Amino acid sequence: MKREIPLMIVFVAGLFMAVQFFVPHATSEYIYEFVMEWTIIIGIFALALGIWSFIKVAASKIQRRSENWQYSIVALAGLAGMIIFALPWFGGLESYMFRSFFNNVMIPLHATMFSLLAFFIASAAFRAFRAHSALATVLLLSALIVMLRFNPYMGPLGDIDADIASWILNVPNLAAKRAIIIGIGLGIVATALKVILGIERTYMGKD
Amino acid sequence: MRRITLIVTAVVVVLFIISWIIKTNTVPEDGTFRPFIQGFLVTFAAFLTLAIMSFLYRDNPFYKFAEHLYVGVSAAYAMSLGFWTTLVGNLFPRISQNLSDWFGVPFLHYEWHFVIPPILGIILLMRLSPKGGWISRWALAFIVGTTAGLNLPRFLRSDFIEQISSTFLPLLVQWQGVGPFFSNFSLAASGQFIAILTNITIFLGVLCGLIYFFFSKEHKGVFGTASRFGIWVLMVTFGASFGYTVMGRISLLVGRLTFLLKDWLGIIS
Amino acid sequence: MTAKTILFILVAVLLAPLVMAQEEAVPDSTVGVIPPAPPLNFRAFDTPYDNGHSISLEWELSADDGQGRNNVLGYRVMRAESPDGPFVERGIVTSGGTSYNDSGVKESDSPDYFPRDHDFYYKIVATTADGSEAESEVFGPVRAVGQWFNARKWPVLIAVGLFTAFTLAFITLARRGKDLYVRPLAGIEAVDEAIGRATEMGKPILYVMGLGTAADIATIASFTILSRVAKKVAEYQTSLIVPCYDPIVMTVAQETVKASYYDAGRPDAYDDKDVFFLTNQQFAYVGGVNGIMIRQKPATNFYLGKFYAESLILAETGATTGSIQISGTDEVTQIPFFVVACDYTLIGEELYAASAYLGREPVLLGTLKAQDWGKACVIISIILGVLFAIFGWQDGVDAFRPGN
């Protein structure tokens with residue numbers, strides 16, 4: 001029974017939502033909206049599990065004095081600080097401290113991590129330029145043509161390059177992406193079917 | 001090594017304090033502690049930026065500090081936002097007058113179906129109990145089942161049927177007798193030659209790409225040749241995507257450098 | 001009749017034309033203005049295949065719209081709850097337009113609420129710049145009704161039915177013991193080698209499931225692969241690190257890994273601190289995983305699931321530490337970065353096929369065969385569709401365009 005009931009829930013819920021796609025009636029729309037809202041709410045409860053795991057791992061590192069255990073204190077302090085600043089007694093989500101932490105800690109860190117991509121894409125390109133096979137050479141050439149398409153120093157060659165790059169982006173690029181997307185679509189549908197029919201049940205673990 | 005670390009840390013602290021003082025003085029006085037705090041926050045943001053960038057050189061205490069702070073603050077941010085906005089702001093006003101009053105939010109009206117997600121949420125939290133953990137699968141099953149059911153027809157339409165119908169292209173474009181037969185390589189070209197080449201390339205590219213993804217047939221003979229053409233088209237695509245993204249990523253770096261040079265150091269206006 | 005009366009009447013008769021002339025001298029705005037021709041063949045009907053809160057209207061152009069006197073500016077859509085009114089304007093259509101959808105929301109407390117199962121009467125009024133108008137006949141009663149099946153989506157229904165039939169058929173065949181061939185996939189064949197390498201080097205294995213939720217199909221595929229990897233890890237007594245982005249994914253991953261350790265006969269070796277929640281903010285997660293890679297130096301990195309812009313940061317950092325990297329994602333935009341930066345990449349559908357390759361269970365191989373048949377149908381459909389397009393049979397082409 002411990003496995004049968006969840007499998008039944010998966011089947012009924014899956015079938016219901018699949019059928020909902022074909023039913024335009026307002027009742028069906030309401031149910032779809034409810035289910036979407038429910039998933040978000042359940043996700044918030046699940047976040048409590050995540051925070052508990054985070055605290056447990058950090059506390060364990062501090063207790064065992066593992067390598068770099070001091071930084072776990074920083075992580076826990078950041079966690080506690082942000083939760084406290086969000087409390088209504090300190091002004092809530094609109095409080096100066098909560099917004100300041102968001103604007104001066106999270107946003108700069110997010111933007112800087114994102115900007116590291118510039119360096120990583122350069123390092124990836126340098127490694128990829130050491131093409132060891134015909135396929136890698138094709139990839140490299142295609143990347144070079146597209147990268148140089150807006151280069152102002154190439155003169156008349158630049159116009160030809162821009163045309164070829166434009167054709168590559170609009171034609172073979174479109175074709176290959178379509179083939180990949182069709183394959184992905186089939187894979188998603190197959191996996192969804194396996195989940196609904198109970199063939200795929202790894203996510204339920206063991207008794 | 002420890003001495004170098006101490007010296008570097010001391011230099012960083014001194015620079016931090018100098019920057020704090022300078023930035024505090026650039027914020028107009030308003031009789032409160034705000035300029036003081038604002039100066040600290042701008043300096044802190046700049047130092048966190050540099051700490052993350054130092055990762056490119058090697059792992060170091062500043063990066064570790066910034067990373068751990070970021071992880072802790074972001075986890076709490078998501079939790080706080082989710083709790084106060086979704087649960088207190090949207091859920092409690094729809095299920096309980098008492099809870100709404102306690103949290104100081106106006107009660108809307110009772111909607112019975114909103115009682116179900118907190119029940120499922122609590123069932124999920126039973127995961128923490130050694131004996132009651134099995135019941136958490138019910139909530140998992142609900143989430144996984146509903147999304148599988150949602151995805152099945154929708155992806156079949158968007159990633160399958162619509163992709164197929166978009167590939168119904170006339171391979172031999174009707175000769176219109178006007179405009180150049182040969183023209184530039186853009187998709188908007190009016191030349192029939194380019195239109196024919198484009199349509200044939202798309203047709204063959206999609207077909208051979210699909211053949212490459214066949215799992216249950218050996219890639220030999222004609223099938224193998226088509227598969228080989230397919231992977232070549234895929235490689236061209238991957239190279240094009242890679243090249244296309246480079247400029248976008250560089251612009252992210254420009255954005256960050258602008259913050260450092262303009263907002264923090266004031267070198268550029 | 002007295003003389004005074006006669007005199008009064010005579011004066012009135014003589015003065016009357018003067019008064020009337022003065023009245024007529026007041027400019028009459030309608031003098032000389034001819035109203036436009038009315039719109040023709042107006043009809044209103046329930047919008048088909050919708051949620052029941054919309055009514056569609058169609059008419060033919062007024063004879064003075066784009067022709068004739070060519071003075072029609074547009075059409076006002078008027079609605080009332082009885083044929084005699086009062087009519088309220090619901091919308092305006094510019095000249096040349098011959099249809100309109102009168103719709104609203106289904107929430108009854110919204111100002112934009114459109115009631116269902118309620119009789120309405122409509123008329124269309126052609127308007128001109130000089131203010132003259134011409135009305136169509138009133139049409140009604142008409143009411144909006146919700147439908148229980150959207151017939152425009154029948155191609156999707158057929159596709160679902162076909163695919164389900166293929167899947168069930170091949171699963172049945174596989175269960176009967178029919179041998180199903182699958183071609184080799186480099187990324188999958190490298191999994192055992194990668195785990196063995198980590199064991200020899202005495203270093204952990206890092207398994208990153210990406211930024212998806214437990215409901216994302218790519219993440220579900222990743223769980224299946226994780227269970228195989230965890231079982232091998234338990235058998236070889238290597239350590240496994242699984243930092244999670246989503247708390248529900250963490251819950252499922254813990255269940256999966258624990259079950260795999262149990263299957264490998266090493267339940268005591270499982271530690272739920274190996275499968276932990278990091279954060280659910282994209283770049284904070286990447287920062288944390290980078291830290292793990294730099295400090296714990298795993299020998300093998302798996303990136304299997306849903307990834308976005310952070311994919312290159314992860315793969316490049318892993319490459320600098322000298323790890324073997326096996327990746328797989330269904331995010332088309334990130335596949336090129338994994339192809340460039342990782343040793344092996346499972347492209348798109350190959351990620352979903354991986355579970356069948358690793359387990360070799362007949363049921364899973366059967367669904368793989370069904371996917372291939374699905375692709376074969378696609379190829380046939382495309383060839384047919386292209387032939388339709390070449391020979392100009394538009395109905396055949398449109399048959400594959402599902403409506404909304």
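These are legends for four close-up views of a predicted model.

**View 1. The two domains of chain A.** Chain A splits into domain 1, covering 1-85, and domain 2, covering 93-124. Take the centres of these two domains over C-alpha atoms, and you get a separation of 24 Å.

**View 2. Helix 5 of chain A, end to end.** This helix runs over residues 134-147, which makes 14 residues. Does the length add up, and what is the span to look for? At 1.5 Å a residue the helix should span 20 Å, and its end C-alpha atoms are indeed 20 Å apart, so the two values agree.

**View 3. What helix 5 of chain A tucks away, and under what.** Which residues of helix 5 of chain A are buried? They are L139(A), L140(A), S142(A), A143(A), I145(A), V146(A) and M147(A). Part of the cover over these buried residues comes from chain A itself, including helix 4 (96-128) and helix 6 (156-170). Chain B chips in too: its helix 8 (221-264) is among the elements covering them.

**View 4. Chain C and its three domains.** Here you'll find domain 1 (40-142), domain 2 (152-174 + 370-398) and domain 3 (180-360). Domain 2 of chain C is written as two stretches of sequence, 152-174 and 370-398. From the C-alpha centre of domain 2 of chain C to that of domain 3 of chain C is 34 Å. Looking over the whole of chain C, you can count 11 helices and 14 strands. Chain C has 404 residues, and 48% of them count as buried. As for contacts in chain C with a separation of 6 or more, 68% join residues 24 or more positions apart.

Note on methods: Residues are numbered from 1 along each chain as its sequence is written. Chains are lettered from A and ligands numbered from 1 in the order in which they are written. This is a predicted model: local features need pLDDT of at least 70, side-chain atom pairs count only at pLDDT 80 or more; totals for chains, interfaces and linings use all residues. Domain bounds come from an automatic or database domain assignment. Helices (H or I, at least four residues) and strands (E, at least two) are DSSP runs, numbered from the N terminus. The expected span of a helix is 1.5 Å times one less than its number of residues. A residue is buried if 20 or more other C-beta atoms lie within 10 Å of its own, exposed if 12 or fewer, and partly exposed in between; C-beta atoms are placed from the backbone. Two residues are in contact if their C-beta atoms, placed from the backbone, lie within 7 Å.
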